[in-house]
Amino acid sequence: MTVLSSQKDPEALTLTIVAEFDAPVERVWQVWEDPRQLERWWGPPTWPATFTQHDFVAGGSSKYHMTGPEGEIAGGWWDNVVVAAPSRFEWVDGFSDENGDRSTEMPTIDGAVTIAEVDGKTRMTTVSTFGSVEQLEQLVQMGMEEGLKLAMGQIDGLLVEVPAN
Amino acid sequence: MVVDELSDTDVDRIFQALADATRRDILNRTMRGEQSVSALAQHYSMSFAAVQKHVAVLERAALVTKQRRGREQLVQGNAETLRRAAQLLDAYEQIWRNRVDRIGDLLSEPAKGMKE
């Protein structure tokens with residue numbers, strides 16, 4: 001298992017995923033930095049991503065689209081806020097329409113990734129922050145493909161933060 | 001409450017109800033089996049009335065149901081509503097788990113053809 005832990009915080013509306021890889025920090029940074037590697041994992045397998053722009057510097061932007069099984073296009077953009085190789089990346093992820101123009105109707109997601117060496121392995125922590133419960137529901141309803149395939153029933157995650165007494 | 005027809009207001013209530021550690025603890029305990037309010041109150045350093053208020057918030061969010069039996073009010077966790085709330089965040093967890101799997105695959109490939 002590469003995923004070490006996940007934590008869902010309904011109050012702060014954050015999702016934190018901690019993963020560990022058997023590769024150097026610099027190598028893990030490359031999967032974010034190199035658009036050809038990035039597009040091999042960002043979109044779901046049935047909706048592969050193509051990054052047509054990846055200005056991976058603070059203040060830079062990226063543009064991508066995902067292509068669905070029937071040839072449908074779902075567009076997206078990133079505003080790259082902090083790009084501190086090889087350890088920290090913060091960005092805003094949004095949607096765009098079929099012309100590649102930024103959507104004003106869909107919410108954005110704040111993302112932050114930290115990459116660090118721990119005991120000879122590389123730990124990658126990603127934190128996704130959502131603006132409101134309505135936005136989160138809008139995003140889920142909108143059909144983030146993989147998410148919708150989920151079976152219900154994982155209630156333990158929400159209860160994980162309960163103090164033990 | 002019909003679980004797959006939650007309105008935004010319902011969802012807000014659920015998340016607000018879960019935003020408090022005592023309420024999450026009450027929910028945790030009542031998911032395992034029904035408990036009286038007075039039994040719950042023994043676990044917290046607050047008044048019976050304060051615990052009752054927390055239970056009322058959970059009840060409004062349909063996270064628990066309350067019924068009176070004799071002199072006791074019995075509180076029971078409502079798994080269906082909780083599952084619906086968890087599902088929203090689960091959706092995102094699954095996206096990231098899948099991404100992490102694919103990064104793992106990518107990193108385990110030989111370096112050939114990769115940008116160094």
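**Aromatic contacts and strand pairing in a predicted two-chain model**

A:Tyr64 is buried, its relative accessible area being 8%. This residue offers a convenient way into the structure, which is a predicted model. A:Trp42 is likewise buried, with a relative accessible area of 2%. Across all chains there are 19 aromatic pairs, and one of them is formed by these two residues: the ring centres of A:Trp42 and A:Tyr64 lie 6.1 Å apart with the planes at 80 degrees, so the pair is edge-to-face. In sequence terms, A:Trp42 belongs to the loop between helix 2 (35-38) and strand 3 (49-54) of chain A, while A:Tyr64 belongs to strand 4 (residues 61-67) of chain A; the pair therefore ties together parts that are 22 residues apart in sequence.

A:Trp42 also has a ring partner in chain B. With B:Trp96 it forms an edge-to-face pair, at 6.0 Å centre to centre and 80 degrees between the planes. Because A:Trp42 lies in the loop between helix 2 and strand 3 of chain A and B:Trp96 in helix 5 (residues 79-108) of chain B, this pair joins two chains. B:Trp96 is buried too, at a relative accessible area of 3%. A further residue of chain B, B:Arg99, places its charged end over the ring of A:Trp42, 3.6 Å from the ring centre. A comparable arrangement is found within chain A, where the charged end of A:Arg102 sits over the ring of A:Trp77 at 3.7 Å from its centre.

These rings belong to a wider network. Ring pairs link A:Trp42, A:Tyr64 and B:Trp96 into a cluster that also includes A:Trp29, A:Trp32, A:Trp41, A:Phe51, A:Phe56, A:Trp78, A:Phe89 and A:Trp91. The nonpolar packing can be described in similar terms. The largest nonpolar core has 46 residues, and those with the most contacts inside it are A:Trp32, A:Trp41, A:Trp42, A:Trp78, A:Met124, A:Phe130 and B:Tyr92. Helix 5 of chain B supplies the largest share of this core, nine residues. A:Trp32 illustrates the packing well: beyond its neighbours within four places in sequence, its contacts include A:Leu38, A:Trp41, A:His54, A:Met124 and, from the other chain, B:Trp96. Another core, of 16 residues, lies apart from the largest one and has B:Ala17, B:Leu27, B:Leu40 and B:Ala61 among its members.

Turning to the fold of chain A, its secondary structure comprises five helices and eight strands, which follow the pattern β-β-α-α-β-β-β-β-β-β-α-α-α along the sequence. Of the 165 residues in chain A, 48% are buried. Among contacts in chain A with a separation of 6 or more, 39% involve residues 24 or more positions apart.

Strand 6 (residues 88-96) of chain A contains A:Phe89 and is mostly covered, with seven of its nine residues buried. A:Phe89 has a relative accessibility of 0% and so counts as buried. Its contacts outside the four nearest places in sequence include A:Trp29, A:Trp32, A:Phe56, A:Trp78 and A:Val113. The C-alpha atoms of A:Phe89 and A:Glu33 are 9.8 Å apart, although the two residues are 56 residues apart along the chain.

Strand 6 of chain A has partners on record in two other strands. With strand 5 (residues 73-84) of chain A the pairing is antiparallel over nine bridges, and A:Asp79 stands opposite A:Val92. A hairpin of three residues connects strand 5 of chain A to strand 6 of chain A. With strand 7 (residues 109-118) of chain A, strand 6 of chain A pairs in the antiparallel sense over six bridges; here A:Asp93 has A:Ile109 as its bridge partner.

Chain B contains an open sheet of three strands in the order 1-3-2, with antiparallel pairing. Strand 1 (35-36) and strand 2 (64-69) of chain B stand at the edges with a single partner strand each, so one side of each is left without a neighbour in the sheet. Strand 2 of chain B and strand 3 (residues 72-77) of chain B pair over six bridges, with B:Arg68 opposite B:Gln73.

Finally, some confidence values help in reading the model. Chain B has an average pLDDT of 82, and 83% of the residues score at least 70. Within chain B, confidence is lowest in helix 1 (residues 8-18), at a mean of 78, and highest in helix 3 (residues 37-41), at 93. For the complex, the predictor gives an ipTM of 0.79 and a pTM of 0.63.

Methods
Residues are numbered from 1 along each chain as its sequence is written. Chains are lettered from A and ligands numbered from 1 in the order in which they are written. This is a predicted model: local features need pLDDT of at least 70, side-chain atom pairs count only at pLDDT 80 or more; totals for chains, interfaces and linings use all residues. Side-chain values use heavy atoms; hydrogens and water are left out. Rings of Phe, Tyr and Trp (its six-membered ring) pair if their centres lie within 6.5 Å; planes under 30 degrees apart count as stacked, over 60 as edge-to-face and the rest as tilted. Helices (H or I, at least four residues) and strands (E, at least two) are DSSP runs, numbered from the N terminus. Buried means under 20% relative accessible area, exposed over 50%, partly exposed in between (1.4 Å probe, protein chains only). A charge sits over a ring if NZ of Lys or CZ of Arg is within 6 Å of the ring centre and within 35 degrees of the ring normal. A nonpolar core is a set of buried Ala, Val, Leu, Ile, Met, Phe, Trp, Tyr and Cys residues joined through side-chain atoms within 4.5 Å. Contact means heavy atoms within 4.5 Å. pLDDT is the predictor's confidence in each residue, from 0 to 100. Two strands pair if DSSP finds at least two bridges between them.
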